[in-house]
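Colleague: I'd like a close look at one part of this model, the aromatic cluster, and then a walk outward from there. Could you take me through it?

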Amino acid sequence: MSFSSSQGGGDGRFQLSESSSLVITKGDIARWFVDRSTDAIVNPANERMLGGGGADGAIHRAAGPELREACSKVPEVRPEVRCPTGEARITPGFKLPASHVIHTVGPVYDIDGNHEVNLKNAYKNSLKVAKENNIQFIAFPAISCGAYGYPYDEAATIAISTVKEFANDIKEVYFVLFQDDIYNIWLDKAKELPQA
């Protein structure tokens, strides 16, 4: 693996199936990559897909203005909406180390009455887009856990169980987490997984 987290040695690796692994690591998702050709990071975007705060803004800054330009060419499904909540779209990675960016929109916890379904769909549809584009390695952030206010514990349960359910076609699924508290919760949840 070409990516090393800033902590080093603290990664958790878990078997999802005979052919698929889950890796929980701490670091900056905008710097993650495996082979620069079949790898993708997941951007926790907003519905406009033109950049924002948090990880979304960091990914756009690292990718350069070409990413925003590519996103602006994604057709709107309704005014100001290129990627509805729970769906996913793919673009090249441009200046990012990873070859692709899969953009998905997670739910705003207090506003979205269907937040559990929409969070699950954000993970599921990202994996589906990855499979359709022959992505072998994918890295997720903790979708909806920043400004969107999703409780970490609940989000980790949904994230990890959904990835386990849909990851058979992906060689390695990573969670690249920036904050210690989120990393620790994700690691604890992954340890509860029955090993394949």
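To start with, is F175 buried or exposed?

Modeller: Before anything else, keep in mind that this is a predicted model. F175 counts as buried, because its relative accessibility is 0%.

Now for its partner. F175 forms an aromatic pair with W186, with the ring centres 5.9 Å apart and 55 degrees between the planes, so the pair counts as tilted. F175 sits in strand β7, residues 172-177, while W186 belongs to helix α5, residues 180-191. The pair therefore ties together parts that are 11 residues apart in sequence. W186 is buried as well, because its relative accessible area is 0%.

That pair doesn't stand alone. Ring pairs link F175 and W186 with Y123 and F140 into a cluster, and the structure as a whole holds six aromatic pairs. Y123 and F140 form one of these, again tilted, at 5.0 Å centre to centre and with 55 degrees between the planes. Here the link runs between helix α3 (residues 115-132), which carries Y123, and strand β6 (residues 137-140), which carries F140. Those two residues are 17 apart along the chain, and both of them are buried.

Strand β7 turns up again when you look at the largest pocket, which has a volume of about 560 Å³. β7 and α1 (54-63) each supply at least two residues of its lining. Helix or strand, nothing gives more to that lining than α1, with five residues. In total 28 residues line the pocket, and P44, G54, A55, A142 and G146 lie nearest its centre.

Next, K26. This lysine is found in strand β2, residues 20-26. What does its side chain reach? The backbone oxygen of F178, at 3.1 Å. The K26 side chain also has a polar contact of 3.4 Å with the side chain of D180. As for exposure, K26 counts as buried because its relative accessible area is 10%, under the 20% cut-off.

Past β2 you come to W32, placed in the loop between β2 and β3 (39-44). W32 is buried, because its relative accessible area is 0%. The C-alpha atoms of W32 and I138 are 9.6 Å apart, although 106 residues separate the two along the chain. Another aromatic residue to look at is F33: R36 lies over the face of its ring, at 3.9 Å from the ring centre.

Last, the cysteines. How many disulfides does a search of the whole structure find? Zero. C71 is in no disulfide, and its nearest cysteine sulfur is that of C83, 9.5 Å away. From the C83 side, the closest cysteine sulfur is the one in C71, and there is no bond because 9.5 Å is too far. Both are shielded: C71 is buried because its relative accessible area is 0%, and C83 is buried because its own value is 0%.

So, back to where you began: F175 is buried, it pairs with W186, and ring pairs place both in a cluster with Y123 and F140.

Key:
Residues numbered from 1 in each chain as written. Predicted model: local features only at pLDDT ≥ 70, side-chain atom pairs only at ≥ 80, totals over all residues. Heavy atoms only, no water. Helix = DSSP H or I, 4+ residues; strand = E, 2+ residues; numbered from the N terminus. Buried < 20%, exposed > 50% of the residue type's maximum accessible area, 1.4 Å probe, protein only. Polar contact = N/O pair within 3.5 Å; in protein donor to acceptor, adjacent residues only side chain to side chain. Phe/Tyr/Trp six-rings, centres within 6.5 Å; stacked < 30°, edge-to-face > 60°. Lys NZ or Arg CZ within 6 Å of the ring centre and 35° of its normal. Disulfide = S-S within 2.5 Å. 1 Å grid on protein atoms, 1.4 Å probe; cavity = no way out; pocket = protein on both sides within 12 Å on 5 of 7 lines; lining within 4 Å. Points joined across faces, edges and corners; volume = space filled by probe spheres on them.
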